[in-house]
Structures are given as C-alpha cells and as structure tokens.
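Welcome! Please open the structure in your viewer and keep the selection tool at hand.

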Amino acid sequence: MSIFASTLNQLAFLFGFIALGYLLAKIKALPDNSAAVLSKLENMIFIPALVMGTFIENFTVQSLSSAWKLLAVSTIVAIVAIPFAIFVSKAVTKDKYIQNIYTYGLSFSNFGFMGNAVVKSLFPDIFLEYLIFTLPLWVAIYLWGVPILLIADAGKKRTLKENLKSFVNPMFGAMLVGMIIGISGISLPAWLNSLVATAGDCMSPVAMILTGVVVSTISLKKTFTNLRIYIVSIIRLLVMPLLFILVAWLLKSYYAEIPQTFYVCAVCSLAMPLGLNTIVIPSALGKDTSVAAGMTVISHLLSCITIPFIFAVM
C-alpha cells in the first residue's frame, strides 16, 4: 500500500501541474508563445541547474571510489537498454524523428524526478546509492541522448563538426562544470549552492506546466487512441524491468546473486515512466512535441498501476 500511495502522490503532484498548464492555455490566460518561453527557461536555466547540482553533490572522489560496482552495473544496464530501445523504436515506426523520441524514452526513464521521489520514500536507506547508480545514465543522456536524439535533425547526414557542435549546449556545459566541482571538492558559496538547488527544483514543475500547454494544442482523442504510444509505454514500464528481474533471477539460480542494493536501484530506474526531456528540449527548438506529450501523459498514468506491480514482483 505504501508503494501505491507514494506513486499516487507523485502522479497527483505531476498531473496537478499538467492540468494547470492545460487550463491556463485553454482559457487563453497565457500568451501564444508560452511554450517557447517555458522551454527556453528549461533548457537555459532549470535543466542545467539540475544537472550541475546532481554532479556537484554526487560526482565526488569518495562516491566514485567506494561505489564503482554500482557505476559498473548501471553502465551495463544502459549498454543493454540502449540497443534494445533502438531496435524497438525502429520496429514501431519508420518516422526518423519519432524513432528518436521513442528511443530516448525507452533508453532513459524519469529516473530523476520520479525515481528520486519513489526511492526516497520507499527505500531511504539506499537513496545515496541510487543517486550514484544514476550517474552513468546522466552522462549517457548528455553525451548521447540529448545531442544526438533530441537536438540533431533526425535522418540528416551530419559532418563531424556538426556532431561536435551538438555538444555545445548549456546542459552539457553544466554537466562538465558539475563534474569538475564535484571531483575537485571545490566549496561553493552558500548563496550559489542555494541558487543552483532552487533553479534545479523548478525543472519538473515547469516541465509539467509546459506539458499541459503542449497537450492543450493536440487532440486528446488522437493521443489516447495512439496504439504506438501504449506499446512504447508498456515496454518501458513493464517489459524492461521484468526482463531485468528475470535475468537477476537466472543469475541467482545458476551463478551468483546480485547484491540487493544494486538490484533495487536497477529495478527502480527501469520501472519509472518516460522522461520529460522529450518535450522540453525539442520544444525549445521548435520541433513537434505532440507524440512526446502523449507519451508523458499516458506513461505516467499507467505507472500508477505498473510501479506497484513491478515492486510486488521484485
């Protein structure tokens, strides 16, 4: 029951902001360029602040030296999940841009905002380990997911210079700065720490308001009858975590048991719904976010049922 209540509380929080953005857009209380403004704020300030704060807090000599096994398991999970996500996306649709959106959503769940809240509530004793476990996922997001899948033009042949240019963005810069500060142990002034932390806290609420604004411009009937979105959501929410649980069970039966902390961290990161970057980043670039908005709404709704189910199986 505590799992269900925790999941429901997070979903109520998220959908409250989505409903707020939807309502304000529908009654024309927001200007027509609200989506562009909100997405710019997200990409220029809030997401970079969240990324920087995450790496400053967790990318330390102590955490890296004492938790290298956690990082190794997380890296292996990502190495397996990404090719699987690419394969499924190509099987589901032929549209290159939507393939990229599906690939990103299947490769990277909402392991940050949603995952942090669920783990902190249900497994507080391993919360720090979970944050460390997700570090390779953050690195993969800002080395590959964002620049290649969300920023680059899908299906367009790109030169080496264009590929490198994709990395010149506030999020990647924030990751590097956070790594340097975290690993060097540099102590920032209290006001600057508060600034970074508060700006990072704005990421999810603003992203959900942006989702509501985007959803207000699309056909809800078309969204809720899009079979592909349900297929991708079910694979993200059920198939991927259940496959990991099966592999862990086979390893336990025939080789060696995965340590409980590693096991819980992996399942939690895999069982979360689709992430928010597929809306925030393409929106700032003027790209179509209707499919991504539908994925966000549907996967978060379904997760109210699937997360308690996965944890029960676990």
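What follows is a short tour, from the whole chain to a few chosen places.

**Before you start.** This is a predicted model, in which local features need pLDDT of at least 70 and side-chain atom pairs count only at pLDDT 80 or more, while totals for chains, interfaces and linings use all residues. Residues are numbered from 1 along each chain as its sequence is written, and side-chain values use heavy atoms, with hydrogens and water left out.

**Stop 1: the whole protein.** Show the cartoon and you will find 17 helices and zero strands. Here helices (H or I, at least four residues) and strands (E, at least two) are DSSP runs, numbered from the N terminus. The C-alpha atoms fill a box of roughly 55 × 45 × 45 Å along the principal axes. The radius of gyration is 19 Å, which agrees with the value near 20 Å for a compact globule of 314 residues. That radius is taken over C-alpha atoms, and the globule rule is 2.2 Å times the number of residues to the power 0.38.

Now switch on the surface. The accessible surface comes to about 14600 Å², and 69% of it belongs to carbon and sulfur atoms; areas come from the Shrake-Rupley method with a 1.4 Å probe, and for residues only the protein chains shown count as cover. Of the 314 residues, 53% are buried. Buried means under 20% relative accessible area, exposed over 50%, and partly exposed in between (1.4 Å probe, protein chains only).

What about contacts along the chain? Contact means heavy atoms within 4.5 Å. Among contacts between residues at least 6 apart in sequence, 86% join residues at least 24 apart.

**Stop 2: helix α5.** Select residues 96-107, which form α5. The end C-alpha atoms of this helix are 16 Å apart, in agreement with the span expected for 12 residues at 1.5 Å a residue; the expected span is 1.5 Å times one less than the number of residues. In α5, 11 of the 12 residues are buried, including Tyr97, Asn100, Tyr104 and Ser107. Which helices do the buried residues of α5 pack against? Colour α4, α8, α14 (227-254), α16 and α17 (290-313) to see them.

**Stop 3: Ser89.** Move to α4 (residues 68-92) and pick Ser89. Ser89 counts as buried because its relative accessibility is 1%. Beyond its neighbours within four places in sequence, Ser89 is in contact with Gln99, Tyr102, Thr103 and Leu106.

**Stop 4: helix α10.** Select residues 170-184, the 15 residues of α10. From first C-alpha to last, α10 reaches 21 Å, close to the 21 Å expected. Its buried residues include Met171, Phe172, Met175 and Ile181, and the buried residues of α10 pack against α2 (34-58), α8 (135-151) and α16 (277-284). Just after α10, look at Gly185, where phi is positive at about 75°.

**Stop 5: Gly53.** Go across to helix α2 and select Gly53. Gly53 is partly exposed, at 22% relative accessible area. Try a distance to Val177: the C-alpha atoms are 9.7 Å apart, although 124 residues separate the two in sequence.

**Stop 6: Ile258.** Finish in the loop between α14 and α15 (260-271), where Ile258 lies. Is Ile258 buried or exposed? Ile258 is buried, with a relative accessible area of 18%. Leaving aside neighbours within four places in sequence, Ile258 is in contact with Phe244, Ala248, Leu251 and Tyr263.
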